[in-house]
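Student: I want to learn to read a fold one feature at a time. Can you take me through the steps?
Tutor: Look at the picture, then ask me about each part.

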Amino acid sequence: MANVLISVSLLLLATGPAVAQSPSAPASSEPSSQLETVTGTASSVDKATQTEDVRFRTEVNDRMTVPVRLSGKGPYRFLVDTGADRTAISRDLASRLKLSAGENVELHSVAGASSVSTANVLGLQLTRKAVNISDAPLLESANMGADGILGTDSLASQRVVFDFAAQTMSVVPAATPDFRDEPGTIVVEARRRNGRLVVTDAYANGEHITVVLDTGSQISIGNEALQKALLRSSLSGSEPVELESVTGEKLAGNYMFVREIELGGIGLKNLAVVFAPAHTFKQLKLDNKPALLLGMNAMRAFKKVSIDFSRNTLRVIVPESSRLDVRLADARF
């Protein structure tokens, strides 16, 4: 097995109450402390699609966080994960804040299902309005690479914006104006599946696929059905790697380069994808059809990325040039 380890924070919860209500405008500023991060970086795997000019100062492995306050304390570093349906918090932070215990729940990660303890989070403040979350899974900060994870339950009325030129990420209320008239702006319609945004107008080497937007994964992950479908077309390179989930479990996979991805009128070339039997696909009922978790290695190809959970849209600005070849798709491959 290769010594490359890729962090994947996507998680799903089978049972348990949801967030009380969605938050809403910018919280605090600096992270309170540096936490241990898991080993491996996107650049160690995805040499072709890593853009050299993007440097997010708080994260050594490009897992970007936003400041979050809990009961007026903090700010703490929370990873924004559009592939997770539930917000989670580190076991250590829950202990320090003396949060009350919740019910045990079944947690579904990329590596499988497991039973985890939870805590009741009071006064989580990402934007202006603080919210309470019942039964937030307790995970190890070293596995998350942050103090916690903001899942789609905390993002229902929000928009996540990545500005790779300015090296910033923000979470803002969906009602605030988005970038609309900048040159190269493309809007892709999506739909919801278990809280996540899913794009069905997508193709890989001409094969129809379903794409799940997953900002919590450093690299894009394809299922076995997609790999099988692409065997008759162009797949280049193959190297064994390990995926590590937020629960610390590891999953073996192989990364390859997919020649062409079309996503709602946008074309990406030579995208690095790890093919693995990720439990996530089974949980989302996508294990028997070609599907892709679109990770940060693909999103970094654009100047800006906006993921709007209120309007179910993905909005991107295509750069003039990129080390990952991006173009407007004028026809299906």
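**Strands, core and odd corners**

Tutor: Start with one pair of residues: F162 has M169 in β12 as its bridge partner. Bear in mind that this is a predicted model.

Student: Which strands carry that pair, and in what sense do β11 and β12 run?
Tutor: β11 covers residues 158–163, and it pairs with β12 in the antiparallel sense. Six bridges hold the register.

Student: What is the order of strands in the open sheet?
Tutor: Read across the sheet, strand by strand. Here it goes β12-β11-β22-β23-β13. The sheet has five strands, and the pairing is antiparallel.

Student: Why do β12 and β13 each have one side without a neighbour in the sheet?
Tutor: They are the edges. β12 (168–173) and β13 (185–189) each have a single partner strand, so one side of each stays unpaired within the sheet. From one strand to the next, the twist averages 15°.

Student: How should I think about side chains along a strand?
Tutor: Here is the general idea. Side chains in a regular strand alternate between the two faces of the sheet.

Student: In what order do the strands of the barrel close?
Tutor: Follow the neighbours until you return to the start. The order is β3-β4-β10-β5-β9-β8, six strands with mixed pairing. Ignoring direction, neighbouring strands in this sheet are turned by 50° against each other on average.

Student: In what sense do β4 and β10 pair, parallel or antiparallel?
Tutor: Parallel, over three bridges. β4 spans residues 73–80 and β10 spans 148–150. L79 faces I149 in β10.

Student: Where is P75, and what is the peptide bond from G74 to P75?
Tutor: P75 sits in strand β4. The bond from G74 to P75 is cis, with omega near 10°.

Student: Now a hairpin. How many residues join β6 to β7?
Tutor: Two residues make the link. β6 (105–109) and β7 (112–116) pair in the antiparallel sense over five bridges. H108 stands opposite A113 in β7.

Student: What does H279 touch, if close sequence neighbours are left aside?
Tutor: With residues within four places excluded, the contacts of H279 are H108, S109, V110, A111, G112 and A113. That list includes H108 and A113, the facing pair of the hairpin. H279 itself belongs to helix α5, residues 279–283.

Student: Is H279 buried or exposed?
Tutor: Use the cut-off: under 20% relative accessible area is buried. H279 has 17%, so it counts as buried.

Student: How much of the whole protein is buried?
Tutor: Buried residues are 59% of the 333. The secondary structure comes to six helices and 24 strands.

Student: Which residues touch the most other members of the largest nonpolar core?
Tutor: L70, I89 and L124, out of 60 residues in that core. Strand β20 (residues 266–275) contributes the most, with five residues. There is also a second, separate core of 19 residues, with V212, L243, L286 and A291 among them.

Student: What surrounds L70?
Tutor: Set aside residues within four places in sequence. L70 then contacts Y76, F78, I89, L93, L97, V121, L122, G123 and L124.

Student: How do I find empty space?
Tutor: In general, you roll a probe the size of a water molecule over the atoms, and it shows where empty space is left.

Student: How many cavities of 30 Å³ or more does the search find?
Tutor: Three, in the whole structure. The largest has a volume of about 50 Å³. Its lining is L213, L263, I266, L294, M299, F302, V305, L314 and V316.

Student: Where should I look for unusual backbone angles?
Tutor: Look for positive phi outside glycine. K98 has phi near 55°, and N194 has phi near 50°. K98 lies in the loop between α2 (91–96) and β6. N194 lies in the loop between β14 (191–193) and β15 (196–204).

Student: How exposed are K98 and N194?
Tutor: K98 is exposed, at 73% relative accessibility. N194 is partly exposed, at 46%.

Student: Last one: what does S236 touch?
Tutor: M256 and F257, not counting residues up to four places away. S236 is in strand β18, residues 235–244. At 35% relative accessibility, S236 is partly exposed.

How values were computed. Residues numbered from 1 in each chain as written. Predicted model: local features only at pLDDT ≥ 70, side-chain atom pairs only at ≥ 80, totals over all residues. Heavy atoms only, no water. Pairing = 2+ DSSP bridges. Helix = DSSP H or I, 4+ residues; strand = E, 2+ residues; numbered from the N terminus. Axes fitted to C-alpha atoms, helices over the stretch in contact; angles between N-to-C directions. Core = buried A, V, L, I, M, F, W, Y, C linked by side-chain atoms within 4.5 Å. Buried < 20%, exposed > 50% of the residue type's maximum accessible area, 1.4 Å probe, protein only. Contact = heavy atoms within 4.5 Å. 1 Å grid on protein atoms, 1.4 Å probe; cavity = no way out; pocket = protein on both sides within 12 Å on 5 of 7 lines; lining within 4 Å. Points joined across faces, edges and corners; volume = space filled by probe spheres on them.
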